[in-house]
Amino acid sequence: MDSKWLCLRSFIVNTEIAEFFFVDTTPFVNKYFLEPKDHVYDWSGILPRKSYLSNVLEDLDMALKESVAKWKIVVGHHTIKSAGQHGNTVELNLQLLPILQANNVDLYINGHDHCLEHISSSESPLQFLTSGGGSKAWRGDVAWWDPKEMKFYYDGQGFMSVQITQTEVDVVFYDVSGEVLHKWSRTKQISSAVL
């Protein structure tokens, strides 16, 4: 590994109009601790787990509250809501989701499920975007969702782009050939404090 390489478990990228909050979701998942099977995890810096998770959640909540970014986007590996093979991550629904909703997060972006999907929240403006279509696709195992929330699901390979301006977020899902599969946009007014 290059000595210049540094990857924090959780971190924030501020682009002025959008703030990205990256959260290491792996330590939240109970089965990785209780039933690791043949997987080996590096838990250095994680144990004791309960206090680590509490600190992550408190830090995220505080950072989201203090954020003045027009767009708040949280990124994690695991799904919060998903119709794909892994489905919802119960631990994230219980611990992370209430913080996202309380702080008016716009997007939660994740991988983990090997599909492309867009689920809207019925409780808040929060949108759940999965871009995990890089491998292990075409499994055919979909848990169909309430059509009022499930805006798009694709069990194949592909990718997603997100374009952000001061007033608009545009999300586009593509197949591997670059063909557009799904588009979604949201606009926000520019506040008078910005003008």
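**Figure 1. Glu123 and Lys81 in a salt bridge of the predicted model.** Glu123 is exposed, with a relative accessible area of 54%. Its partner in the salt bridge is the side chain of Lys81, at 3.7 Å from N to O. The pair links distant parts of the chain, 42 residues apart: Glu123 belongs to the loop between strand 5 and strand 6, and Lys81 to the loop between strand 3 and helix 3 (90-95). Lys81 counts as buried, at 8% relative accessibility. The structure shown here and in the other views is a predicted model, and it holds four salt bridges.

**Figure 2. Ser122 and its polar contacts.** Ser122 sits in the loop between strand 5 (116-120) and strand 6 (127-131). With a relative accessible area of 55%, Ser122 is exposed. Its side chain is joined to the side chain of Glu123 by a polar contact of 3.1 Å. A polar contact of 2.8 Å runs from the side chain of Ser122 to the side chain of Glu149. Lys148 is 26 residues from Ser122 in sequence, and the C-alpha atoms of the two are 8.1 Å apart in space.

**Figure 3. The salt bridge between Lys188 and Asp106.** Lys188 and Asp106 form a salt bridge in which the closest N and O atoms are 2.9 Å apart. This pair, too, links distant parts of the chain: Lys188 is in the segment after strand 10 and Asp106 in the loop between helix 4 and strand 4, with their positions 82 residues apart in the sense of being 82 residues apart. Lys188 counts as partly exposed, at 25% relative accessibility. Asp106 counts as buried, at 6%.

**Figure 4. Lys70, a buried lysine without a salt bridge****.** Lys70 is in the loop between helix 2 (49-66) and strand 3 (71-76). The nearest side chain of opposite charge is that of Asp106, 9.3 Å away. A salt bridge requires a side-chain nitrogen within 4 Å of a carboxyl oxygen. Leaving aside residues up to four places away in sequence, Lys70 touches Glu16, Ile17, Asp106, Gln166, Lys188, Gln189, Ile190 and Ser191. Two of these contacts, Asp106 and Lys188, are the salt-bridge partners of Figure 3.

**Figure 5. Lys65 and Asp61 within helix 2****.** Both residues lie in helix 2, four residues apart, which is about one turn of the helix. They form a salt bridge, with 3.0 Å between the closest N and O atoms. Lys65 is exposed, with a relative accessible area of 54%. Asp61 is partly exposed, at 23%.

**Figure 6. The open sheet of strands 8, 9 and 10****.** The three strands are ordered 8-9-10 and pair in antiparallel fashion. Strand 8 (158-164) and strand 10 (180-187) stand at the edges; each has a single partner strand, so one side of each is left without a neighbour in the sheet. From one strand to the next the twist averages 10°. Strand 9 is mostly covered, with six of its eight residues buried.

**Figure 7. The two hairpins of the sheet****.** Strand 8 and strand 9 form a hairpin with three residues between them. Seven bridges join these antiparallel strands, and Phe159 has Tyr174 in strand 9 as its bridge partner. Strand 9 (residues 168-175) is also joined to strand 10 by seven bridges, again antiparallel. In that pairing, Glu168 has Thr187 as its bridge partner, and Phe173 stands opposite His182. Four residues lie between strand 9 and strand 10 in their hairpin, and Gly178 in the turn has a positive phi of about 90°.

**Figure 8. Backbone geometry in two loops.** Most residues other than glycine have a negative phi, and most peptide bonds are trans. Leu47 and Pro48 are joined by a cis peptide bond, with omega about 0°. Pro48 lies in the loop between helix 1 (31-34) and helix 2. Lys37 is also placed in the loop between helix 1 and helix 2; its phi is positive, about 50°, although Lys37 is not a glycine. Lys37 counts as exposed, at 73% relative accessibility. Asn104, in the loop between helix 4 (97-102) and strand 4 (107-110), has a positive phi near 55°. Asn104 counts as exposed, at 55% relative accessibility.

Notes
Residues numbered from 1 in each chain as written. Predicted model: local features only at pLDDT ≥ 70, side-chain atom pairs only at ≥ 80, totals over all residues. Heavy atoms only, no water. Buried < 20%, exposed > 50% of the residue type's maximum accessible area, 1.4 Å probe, protein only. Lys, Arg positive; Asp, Glu negative; His and termini not counted. Contact = heavy atoms within 4.5 Å. Polar contact = N/O pair within 3.5 Å; in protein donor to acceptor, adjacent residues only side chain to side chain. Pairing = 2+ DSSP bridges. Axes fitted to C-alpha atoms, helices over the stretch in contact; angles between N-to-C directions.
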